[in-house]
Amino acid sequence: MTLASSSRRLLILAAALAIFGAAFANRSAAAQPAAGERMVVEAKELVYDEKKNTVTARGDVQIYYKGRLLEADRVTYDRNTSRVFAEGHAKLTEKDGSVARADRFDLTDDFKNGFIESLQVDTVDNTHFTSPRAERAGETTTFEMGSYTACEACRNDPSKPRTWQIHAKRIIHDNVEKMVYYEDASLEMLGVPIAYVPFWSSPDPSIKRKSGFLSPVFVYRSQLGAGVGVPYFWALAPDYDLTVTPIYFSRQGPFVTAEFRQRFDSGSYSIRGEGTHVQDTSAFAPAPLGAGNKQWRGAIQSLGDFWLNDRWHAGWDITALSDRFFFQDYKQYNYLLQNYFFREASSTIFLTGQGPRSYFDMRGYYFQLLSPNDVQAQQPVVHPVIDYNRVFDIDPAATAGLGGQIEVDSNVTSTSADLANYESINPRRLDSIYGLYNVCAVYARDVVPQRSTCLLRGVGGDYQHATISGAWKRKFIDPVGGVWTPFAFARFVGSYLDYDRQGLFPIYNQFGQPIPNGAQGQFFDGADNRFRGQALPGIGAEWRYPILARSFVGDIVFEPIAQVVARSNQTSIPSLVNLDAQSLVFDDSTLFEWSKFSGYDRFETGTRLNYGGQATMSLSNGGFINTMIGQSRQIAGANSYAQADAANVGLDSGLNSRASDIVGRFAFAPSSLLSFVAKGRFDKGSLRARRLDIFATMNLDPITLQLQYANYASQPAIGFDLRRQGLSATAKYDITSNYFLNGTVTFDMSRYLYNSLTSPTLVPFTTTLTGINLTGTAPLFSVATLGAGIGYHDECTTLSVNYTQIYQPQSYTGLPARNQTVMVTLQLRTLGEARFNYGVGSVLVNDGVRSAVAH
C-alpha cells in the first residue's frame, strides 16, 4: 500500500464518521448539539454507502448518544428515512439503567420511536418485560403478546417457568404517567394460569407511591358473612396520602376504613377511621357480654411523632372506640386481643426530652377496656405522669477529694377514677347477675392482712403523688482488688388523696350490695382526705471482690457480693395507697436494688443486707456460662415487705420474712446455636421452688426453636390462690431455602387446678343471657393459644397460610371460647398483596371456664 492510498482511506473513514455522527446529532445546521449530546461511536469497521445514502458500523458497535447506549454487531443509519437499524446481539441501555435486548431494533435517529423484534427489557428494579414484537413511541412502549414478572429465572434451568408472571394481549408501559396497563391479562403461577382480568393497571415498578386501586381483601366470619373490599390509594401530594377501603359484608352490609397520612421534615402523623351501620345485631352477644343492639359502630386511631429539635420530641397515640367489642367483632387479628386477661386500648399524649445524661418524659393516659369482665369506671385517667432523671459527675479536685456521681430522679403522678377498684380473694367471687365482674362479699380490710378477702387495687376519686430523690455514689478499688461503692441518698415524698364517698355502681354481690366508693376509707390508714409527706434519708455500701482463674476451657471470674442499705425505721406507705408499685417480683435482677418495689408509691425502710455471688466462665469460642445465687435479710427496723398496703403488696413476695427466699440464676450459651437461662426463687428452709422461669433458644439450621416455661407458687394474700404454670413454644423449620413451616403453642398448665372449685361463688349457675351451663373439667395441658403455618418466599413472592386459635370471648355469646381463623396472604413484589381471612368458628371453653376467667 502506498502512502497516497493510505491517506485516501483515512480521509474516507473520517468523512463517513463525520456524516454518521452529524446525522444522529442534529440534521439542522440551525440547531447544533450541545457538548453533552454529541455522539460517540466505536466499531471495528465503518462503511459509507454513497449510492444508498447509508452509514453502517460493524463489529462490536457501541453508540453513546444523549445518555443512551446502543450496542449491536451491526448498526445501519438510513439518511433517507432517518432511521437506525441495529441487528445481532442488539442491546439498548437507557439513562435509568434499564436494558432492552432484541433481535432487531428499528428506531428513529434519537432512539425514542420505532419497532423492536423479540424484545426483553430488564429494569434496575429487577423486573422484566418480554414480547415477540414491541413498538416504542416516545416515552411509551407497547408490548404485543407481552409478559411481565418481577421474578428471576432459575439459575440451573432458565427454561423453567418463573414463580409468577403476567401474560397479556397487550402491555403498555407509560414512562410519563409511570403506569403499566394490561389488556386481556392472565396471572400464571409456575406456568399455570390462576386468574384472568380483561383490563388491569399497576404503577411502574420504580414508583413507590401512585394513586390507584390496591389488591383486594377477602374476609369471612359467620357473624359478618362473606366480605370483599378493594382499597383505593390517593397520592394527594408527595407528603400526604389517603387510603379508603370499602368492604361489603353479606350479613352486616357496608364497612368503610379510611386512613390519612402526612409527613413533615420534623415528623409525621396518621389518622385512621373505620365504621359501619350494623344490619343484623342478633349476630353479636347481648350486653354486657357483647355489643348487643348497638348499630353505629366504629373506631378512630391516630399516631403522631414530631421532633421539636435534636433533643425534644412530642406526639400522641390515641384510640377511641364506639364499644369495647368492636375490634373483636370486626378484626381478624389485633394485638390488643391476644391476651384474654389483660386487654385494653391505651391512648397517650407525650413530650420527651433526652440529653447526654438526662431524661424527661411527660405523658397523659386514657385506657379503654376491651374485656367484658372489666368495669370501665374503675379504670383511672392519668393526667399526667412526669418523670425526670439526671446524672452529674463530681470533680474530686473541686470537692476535697469526694468525687463520685450524683443522680437526681423525680416523678409526679396525678390520677382519677369514678369508681374504686376492689378485688375479691380467698376465694374469688363474681357478681350475682352476669357472673362477669369481680365483687367482694364484704367491702372491708381485715385487721390481719393475710386473712383479707377484699383488696383495693385502685382509688375511686383523685390521687396525686410526687417524689424527688437524690443519690450519691463513688467506686473505689482497695489494695487487694476489692471494689467498694459507698452511697448515700435522700427521698422526699408528698401525696394528696381525695377519694369519693358517695358513688355506687349497679354490680351486685350475693347479698345484693352494689360496688361502693364509700368503703374505701376502711382501706386507708389514718385520716381520710388530706396531704401526707415523708422524708427518707439513707446510706449504704456495696462490696465486690472479682477473682480471676484461668483454665484450659476458658477464664473464670468468681465474684462475691455484699451490700448493706441503712434507712430510718418508718412506714413505707403513709396512706396505704399503692397504685404504681403493685408488680413486685423478687429475683436475681432485683436482689441488689436499693428498693425492690417497682414504683414510687412504695420504698424500702429500715436496714437491709443483700449478699450473694456469681461466677462467669468465658469460653474461647465466645460462649459463656454464668451462675448467681443470693439472699436478702432485714437486719434492723420494720420489714417494709411485711407491711401490707391496701392491695397487700409485699406479702407472699419472698421478702416478707426477716430472711428472704433464696434467688438464683443459671445462664448457658456455649455458642450462637444455643442459649439457656433459668431463674428461680426458692424457699429458704425447704429449697422448694416458689418461682421458676426458664428460657431456651436453639438455632439449629434449618430449625429454630424457642421455649419458655413458668411455674409460680400460689400467693393467696395477693389473690393468686393456686399455682400458676405455663409453657410456650415457638418453632420454625426451613424445609428449603424457599419453603418453611412455623408454629406456636401456649399451654395453661394450671387451669386443671380449678376443676375441684365448684363453689357457686366461683363457678356460677347457668347464665341467664345464653342458657349455657359452663361447668366442666380442664385437662392438664389446656391450650391457651395455638398457631401453625406454612409458607413460601423468594425474591418476588411471599405466600403464607396460617391457622390461629385464640382464647377470647365468642362474638355471638360473649362467653370464653377458642376462636379459630385461617389467614392466607399472597404478596407479589411490585403488584401488591392479597389477603383472605376465614373465620373457621369458635368452640366454647367448658372446662371450668368461669374459674379460668376469675384466674
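## A walk through a strand-rich chain

Let's start at leucine 70, which touches Val61, Gln62, Ile63, Val75, Val84, Ala86, Lys91, Leu92, Phe105 and Phe111, leaving aside residues up to four places away in sequence. What you are looking at is a predicted model, so every contact described here is a computed one.

Leucine 70 belongs to the largest nonpolar core, which has 41 residues. Together with Phe105, Trp164 and Tyr182, Leu70 is among the four that touch the most other members of that core. Strand β3, covering residues 54-65, gives the most to this core, with 5 residues. Apart from it lies another core, of 25 residues, and Tyr422, Leu497, Phe523 and Ala646 are among its members.

With those cores in mind, step back to the whole chain. It holds 3 helices and 48 strands. Of its 855 residues, 45% are buried. Among contacts with a separation of 6 or more, 56% are between residues 24 or more positions apart.

Now return to the start of strand β4 (residues 68-78), where you will find arginine 68. Is this arginine buried or exposed? Its relative accessible area is 7%, and because the limit for buried is under 20%, arginine 68 counts as buried. Its surroundings include both charged and nonpolar names: arginine 68 touches Ile63, Leu92, Thr93, Glu94, Lys95, Asp110, Phe111, Lys112, Arg136 and Glu139, again without residues up to four places away in sequence. Glu94 deserves a second look, as the side chains of arginine 68 and glutamate 94 are joined by a polar contact of 2.8 Å. For another sense of how the chain comes back to this spot, pick out glycine 97: it is 29 residues from arginine 68 along the chain, and the C-alpha atoms of the two are separated by 9.1 Å.

Charged residues are a good theme to follow next. Side chains of opposite charge can pair when their charged atoms come close. How many salt bridges are there? The count comes to 38. One of them joins glutamate 87 and arginine 104, with the closest N and O atoms 3.1 Å apart. This pair links distant parts of the chain, since glutamate 87 sits in strand β5 (residues 83-93) and arginine 104 in strand β6 (residues 99-108), 17 residues apart. Glutamate 87 is partly exposed, with a relative accessible area of 25%, and arginine 104 is also partly exposed, at 25%.

Two further bridges each bring a partly exposed arginine to a buried glutamate. In one, arginine 272 pairs with glutamate 274, the closest N and O atoms being 4.0 Å apart. Here arginine 272 is partly exposed at 26% relative accessible area, whereas glutamate 274 is buried at 6%. In the other, the side chains of arginine 544 and glutamate 542 meet at 2.8 Å, N to O. Arginine 544 is partly exposed at 22%, while glutamate 542, at 15%, is buried. Salt bridges can also join up into a network, as they do for Asp587, Asp588, Arg665 and Lys679.

Serine 347, in strand β22 (residues 344-354), offers a polar example of another kind. At 8% relative accessibility, serine 347 counts as buried. A polar atom of its side chain lies 2.8 Å from the backbone nitrogen of threonine 319. Thr319 also appears among the residues that serine 347 touches, alongside Asp317, Ile318, Gly364, Tyr365 and Tyr366, not counting residues up to four places away in sequence.

Finally, consider the gaps between the atoms. Rolling a probe the size of a water molecule over the atoms shows where empty space is left. In this model there are 4 cavities of 30 Å³ or more, and the largest cavity contains about 130 Å³ of space. Which residues lie nearest the centre of that largest cavity? They are Tyr463, His465, Val493, Pro574 and Asp601, out of 18 residues that line it. Strands β28 (461-473), β30 (483-499) and β33 (531-544) each supply at least two residues of that lining.

How values were computed: Residues are numbered from 1 along each chain as its sequence is written. This is a predicted model: local features need pLDDT of at least 70, side-chain atom pairs count only at pLDDT 80 or more; totals for chains, interfaces and linings use all residues. Side-chain values use heavy atoms; hydrogens and water are left out. Helices (H or I, at least four residues) and strands (E, at least two) are DSSP runs, numbered from the N terminus. Buried means under 20% relative accessible area, exposed over 50%, partly exposed in between (1.4 Å probe, protein chains only). A polar contact is a pair of N or O atoms within 3.5 Å; within protein, one must be able to donate a hydrogen and the other to accept it, and residues adjacent in sequence count only if both atoms are side-chain atoms. Contact means heavy atoms within 4.5 Å. A nonpolar core is a set of buried Ala, Val, Leu, Ile, Met, Phe, Trp, Tyr and Cys residues joined through side-chain atoms within 4.5 Å. On a 1 Å grid over the protein atoms alone, a cavity is a set of points where a 1.4 Å probe fits but cannot get out, and a pocket is an open set with protein on both sides within 12 Å along at least five of seven lines; lining residues have an atom within 4 Å of a point. Grid points are joined across faces, edges and corners, and a volume is the space filled by probe spheres set on the points.
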